[in-house]
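Me: I have a new structure to read. Could you take me through it, one feature at a time?

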Protein chains: 4
Amino acid sequence: MIGYGFMGAAHSVGWRQAPRMFDLPVDVEMAVVVGRNADAVATAARRWGWAESASDWREVIARDDIDIVDIVTPGDSHAEIAIAALQAGKHVLVEKPLANTVAEAEAMADAAAAADDGVRAMVGFTYRRVPAVTLLRDLIAAGKVGRVQEVRASYRQDWLVDPETPLAWRLQKEHAGSGALGDIGAHIIDMTQFVTGQSVAAVSGTVETIVTQRPLLGAGSGLSGTAAEGYGEVTVDDVALFTGRLDGGALVSFEATRFATGRKNALAIEVSGDKGALRFELEDLNTLQFYDRTAPAELQGFTRILVTESAHPYVAAWWPAGHVLGYEHGFVHQAKDLVEAIAGGTAPHPSFAEGLAVQRVLDAVEQSAADDSRWVRIEAHQPASA
Amino acid sequence: MIGYGFMGAAHSVGWRQAPRMFDLPVDVEMAVVVGRNADAVATAARRWGWAESASDWREVIARDDIDIVDIVTPGDSHAEIAIAALQAGKHVLVEKPLANTVAEAEAMADAAAAADDGVRAMVGFTYRRVPAVTLLRDLIAAGKVGRVQEVRASYRQDWLVDPETPLAWRLQKEHAGSGALGDIGAHIIDMTQFVTGQSVAAVSGTVETIVTQRPLLGAGSGLSGTAAEGYGEVTVDDVALFTGRLDGGALVSFEATRFATGRKNALAIEVSGDKGALRFELEDLNTLQFYDRTAPAELQGFTRILVTESAHPYVAAWWPAGHVLGYEHGFVHQAKDLVEAIAGGTAPHPSFAEGLAVQRVLDAVEQSAADDSRWVRIEAHQPASA
Amino acid sequence: MIGYGFMGAAHSVGWRQAPRMFDLPVDVEMAVVVGRNADAVATAARRWGWAESASDWREVIARDDIDIVDIVTPGDSHAEIAIAALQAGKHVLVEKPLANTVAEAEAMADAAAAADDGVRAMVGFTYRRVPAVTLLRDLIAAGKVGRVQEVRASYRQDWLVDPETPLAWRLQKEHAGSGALGDIGAHIIDMTQFVTGQSVAAVSGTVETIVTQRPLLGAGSGLSGTAAEGYGEVTVDDVALFTGRLDGGALVSFEATRFATGRKNALAIEVSGDKGALRFELEDLNTLQFYDRTAPAELQGFTRILVTESAHPYVAAWWPAGHVLGYEHGFVHQAKDLVEAIAGGTAPHPSFAEGLAVQRVLDAVEQSAADDSRWVRIEAHQPASA
Amino acid sequence: MIGYGFMGAAHSVGWRQAPRMFDLPVDVEMAVVVGRNADAVATAARRWGWAESASDWREVIARDDIDIVDIVTPGDSHAEIAIAALQAGKHVLVEKPLANTVAEAEAMADAAAAADDGVRAMVGFTYRRVPAVTLLRDLIAAGKVGRVQEVRASYRQDWLVDPETPLAWRLQKEHAGSGALGDIGAHIIDMTQFVTGQSVAAVSGTVETIVTQRPLLGAGSGLSGTAAEGYGEVTVDDVALFTGRLDGGALVSFEATRFATGRKNALAIEVSGDKGALRFELEDLNTLQFYDRTAPAELQGFTRILVTESAHPYVAAWWPAGHVLGYEHGFVHQAKDLVEAIAGGTAPHPSFAEGLAVQRVLDAVEQSAADDSRWVRIEAHQPASA
């Protein structure tokens, strides 16, 4: 695993728990965690149960005893590491977003396409593997909502409402690529494409930075850092509002914001079709709402499905009905699915091509926002190998 | 209409709105409202749209131009007025509870049974006529929950949590009969019997007065009165917890309380059967929750039915789907149903016999509470005419 | 009252109930209802309690015994009737939207400005008078959310999801002006401006007609009509998605749709500020959600206020705490406020100028939608009298 | 760890995750798991990450390299194993309920009291360690609800609604002690005592077996077993309804049932005091509802606290705000707290004495149920050593 921030903790739980809760075809060893600060990464290794720590990711990638490279660094380093790992014949898991730019993402998708047979590349949109989200996708695929006519997708947080929240790397364009758009907007773009099985074909959008100067970051990092003296410029967006059109014709309203006071991790998606509707909210992670327009008129309503039955995706490996799962279970399911795909010789999703597709939508939103919100079409990627 | 307190306002809305919103077979005239304080009742008449006011109910009952007598006085006067009215050949509507004692209620039920053909007697358990409650009853009758195996019924308010709330007539046994038990417990007993179509056959219960001394009532009356100097004894219960058994065998948990901090008018009933379950909450009056155990396993959940469709009981006369109804609509439906029953020559529900059945359960709870919570059986009433 | 469709029923309840539930300074007489079909309007008069019916609105407006003209016809006739009524010195209430075009709305606003002293003009955005909405406005005005930073407003229905719903007047541009945009979009624009006290200064939007051909309307009208043979073209939008910017700087996401499967009358608004947030949903009409960022960290959360306390706007006239109100209560409050404004010599809100402001936003959305979603600025109206 | 059923999986997660997510003072090694079926327990050891498996618990308890004995067997074997382990100087964690009978529980409490200094004994009421429950307790202790006046506690499941669910050990008195009462009723008794800091002093109750004959258990065990031919008698209760009185005077309504159709793991507790109220529901595990009667009247309501802030108990070790936890996190917190208590020389809760107190209440409910629901007082235990 390259990187050891907050995402490193979550990925570690995934690797630790997957072989204990699921019956995997091969065993998993947590070999080495890599980071620039030798002391800090050694501490992380001990704490999270990795056998070793190291500070040079190139050396680790070159090792014969490493099969999977899991990349959880900030987005600006994803392309270099992932391409090198793929070229070294390693399976690669990259935390989302795939990259900070379309160019990087294209290079990564090309590298994945060019990799040796059986070498797998996967992007970490783990919310796909929340059981309720997988169920949502399955029900749409089974025709339960009919033809998709509208989608509403939003991801709302409030951790930037406080103007004294310091200037972490996520607020700097050179490290994060973009702000709410790339961090949380990427999730709802991917989820929309995943659950509908359609692509976002065009967008019109607006992005905005509400608080433009923030205290410099002192001690710590990320969300929990403390402020130092002086102020610096926020170079990414705080809010992104955009409208998309799916290739099947439906309109989608997207909203990504870090200024929705009182909303902590409020991803919500609602898909409306001519036969029914489905709704998921991440803060109520164990439930899925389903409206069946084909039910008798006097009985129609949104059914709140508690997605904790053994009939539901992934759930049979866990607890009895009504015993809820949490945020990190998506990482366990991600590790399980990647290991099974590798062992089974199949391609795991989301692929790098899917990660690139998200990146293209993000890019199109920024283009539209810079052009008075005019609509921007998203072209499909032609792989370099074609 | 005899009486002009809070309930008078609600009944007046019923009589005023029913002929305007529904297509009634006969017209309704709001003739006269009766109360002891001539000035106050005259004001009420003007305000609520009654043609006249009067202070002697016996005179009014004797009038030829009066067809329906609507009794909204405190419970200790129900029996005398209702029996006189029935004997005078008037149709009678009595606000719940039917009476303060079983003896009074029996006399009233006997009077109703002995009344002339076509003279109708009805008790004002208006919550039966909330569309969601009528739907709940209909769905049980249609077998949607299968065999009833458990019922949970509670009615929780908090207006007595403040120990300085003054000693209104509802807190005095001689006027109110009992406290939370008779006032709000009566509602959940009636609703349980109504929706299940079964009778409570036995009970074991506990009643309690939490605040035993309260300020004497000064100006005003009822819930909005202000305190005078001095304290008096609360002679009714604040809380009643009891377990019942339906004649079909199912256990019922009942809870009536005026000390549920934060709960304002929180009547809730949940009926669990071997095929499904139904749940209603009065503070969320326009919805009904339905769980269908016969649905596919992965789709089961409580469906929140917004009971505002024209397919739902009473709703077609009101607004389009999603335009919600409120508390007083039950009184409009009550007026409509009574007028239609009179005109159509049918017996309206709830009958005085049903009101008496509730009274018997209330009495049995008090007996049980006075006997270390031992179970008390409720015998069916043998009408005097039998 | 001119017109007698669904809105006529609702306005009639307003006039009927206001003097009965509130202590008005003057009495209200429901004099005459006007419609082209003499039989139908006579039936409506009888049913709803109007003293007379008539078929020529000009004659009625000319009568000396008429003080208030209440206009509930389709939008294309609002301007002509309202202007004539104002010129005749009558107080005017016009159901929303004020008009179908900006030009008509401007003429109406000018007529209201030019009317004799003390002649009042009001637009029927009744949702302002839902107690929870009035409370929401009051709390923002009191600084409870601090500086408004984001607004989310949506109004979602599903009555057009069925492609066989017939082509009612609301789906024809010549009568309705626009579709979801003007009908329900108008509500969320007005509500946003009302509760924030700010104006929408610019918009970027998209409108769309999802089902373009519908069965011709046979018997009946409006939502409850039945289909005839043959199909006609839908000439208004089904969905409108737009982003607005308030003059105070905040972004607003707007969504108006009749294709949100399972949503019946789902107006929702959430206002996020630097000190807190407020949220209202019309299908849960008696509650308001408040998030207080100034509360202790471990106790922060959305507080669900049941807006049924006597301390809440309008509520003291109705029932005890927890006894909920419904859709038509807004019409009662509207009638009360208009009568009190007339009697008290004050200007009621929303004024025609406010109605015009909504119309300008609607117009700007259509302009933007026709211009590849580019932003369109909304200029303030310069009254003709200036 | 002795035992390896469903609870073994959950306890294993606790031991595996605690040292990885929390900064423990000593390291934890998962040494040996013990079960009668050597093959099955070996599989469990491999799967769950225990270093060894064994089939004789006495041998394992005798080993010097074992510090903590974690007992997750059915209740009938708890006493023997726990007493032996304590006498061998091992720290003991016993899954709830402490035992099947009061006599066994007393012996265990006595053994814990008689154990060597520093030897710790703890009962596995893990729900105490759901962050929202710990917060609930803390807020009551801080006076946020004032004087406790009422408690409502229910635990409702529906896995026995299907009459063909086979006769697992949990339905047999000799293994399970009692049914819904001892299994899930025990949780709400403990939680009530934990959060209020008071003891249940008396109870009046009813227990019932709704389905008295069930298919014999074939393959598998527990909830997931399949039926064999033939039927056997259910010897435990399906439902327990009881009323309790706390030693501080407040009444408590308790309901434990496995026949609440549609309810999967619906533990709920609501504590009402003269200053406020608190409510927790296990199926919505990450939230706590708080009503503050001291807030301004127009702002009062239940605040839904999303208990995922770093200011909340246990949460800082996990994820950012809004990233929810699940069922097994309570087991992680339990392992952490036990290890910290052992290392820090303090007594962990709940103690065996607290487990015994629950057992006494369970026993009193059964006595009351057998005696026509008369009230039964619960005497405090006099430790043998006293």
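Me: How many residues does the contact between chain D and chain A take from each chain?
Reply: First, some ground rules. This is a predicted model, where local features need pLDDT of at least 70, side-chain atom pairs count only at pLDDT 80 or more, and totals for chains, interfaces and linings use all residues. Residues are numbered from 1 along each chain as its sequence is written, while chains are lettered from A and ligands numbered from 1 in the order in which they are written. Now the contact: two residues touch if their C-beta atoms, placed from the backbone, lie within 7 Å. Chain D gives 25 residues and chain A gives 25 residues.

Me: Which helices of chain D each supply at least two residues of the side that touches chain A?
Reply: Helices (H or I, at least four residues) and strands (E, at least two) are DSSP runs, numbered from the N terminus. Here they are helix 1 (6-21) and helix 2 (38-48) of chain D. Helix 1 of chain D has the largest share, three residues.

Me: How does the side of chain D that touches chain A divide by class?
Reply: Ala, Val, Leu, Ile, Met, Phe, Trp, Tyr, Cys and Pro count as nonpolar, Asp, Glu, Lys and Arg as charged, and the others, Gly among them, as polar. That side of chain D has 12 nonpolar, eight polar and five charged residues.

Me: And how many residues does the contact between chain C and chain A take from each?
Reply: It takes 30 from chain C and 30 from chain A. Several strands of chain C each supply at least two residues, including strand 6 (148-156), strand 7 (200-208) and strand 11 (251-257). Strand 11 of chain C has the largest share, four residues. By class, this side of chain C has 11 nonpolar, 12 polar and seven charged residues.

Me: What turn lays chain C on chain A?
Reply: Copies are superposed by least squares on the C-alpha atoms of residues with pLDDT of at least 70 in both. A turn of 180° with a shift of 0.0 Å along the axis lays chain C on chain A, at an RMSD of 0.0 Å. The two copies are therefore related as by a two-fold rotation axis. In chain C, the C-alpha nearest the axis belongs to R374(C), 2.7 Å from it. The same surface serves both copies, as 100% of the contact residues of chain C recur in chain A.

Me: Which domains does the assignment give for chain A?
Reply: Domain bounds come from an automatic or database domain assignment. Chain A has domain 1 (6-127) and domain 2 (131-284 + 286-325). Their C-alpha centres lie 24 Å apart. In the contact, 12 residues of domain 1 meet 16 residues of domain 2. The domain 1 side divides into seven nonpolar, three polar and two charged residues.

Me: Where is P97(A)?
Reply: P97(A) sits in the loop between strand 4 (91-95) and helix 5 (102-114) of chain A. A cis peptide bond joins K96(A) to P97(A), with omega about -10°. In chain D, the bond from H349(D) to P350(D) is cis, with omega near -5°.

Me: Is S373(A) buried or exposed?
Reply: A residue is buried if 20 or more other C-beta atoms lie within 10 Å of its own, exposed if 12 or fewer, and partly exposed in between; C-beta atoms are placed from the backbone. S373(A) counts as buried because it has 27 C-beta neighbours inside 10 Å. S373(A) has a positive phi of about 70° although it is not a glycine.

Me: What about D372(C), how many other C-beta atoms are within 10 Å?
Reply: D372(C) has 15, so it is partly exposed. Its phi is positive, about 60°, although D372(C) is not a glycine. D372(C) lies in the loop between helix 10 (352-370) and strand 16 (376-377) of chain C.
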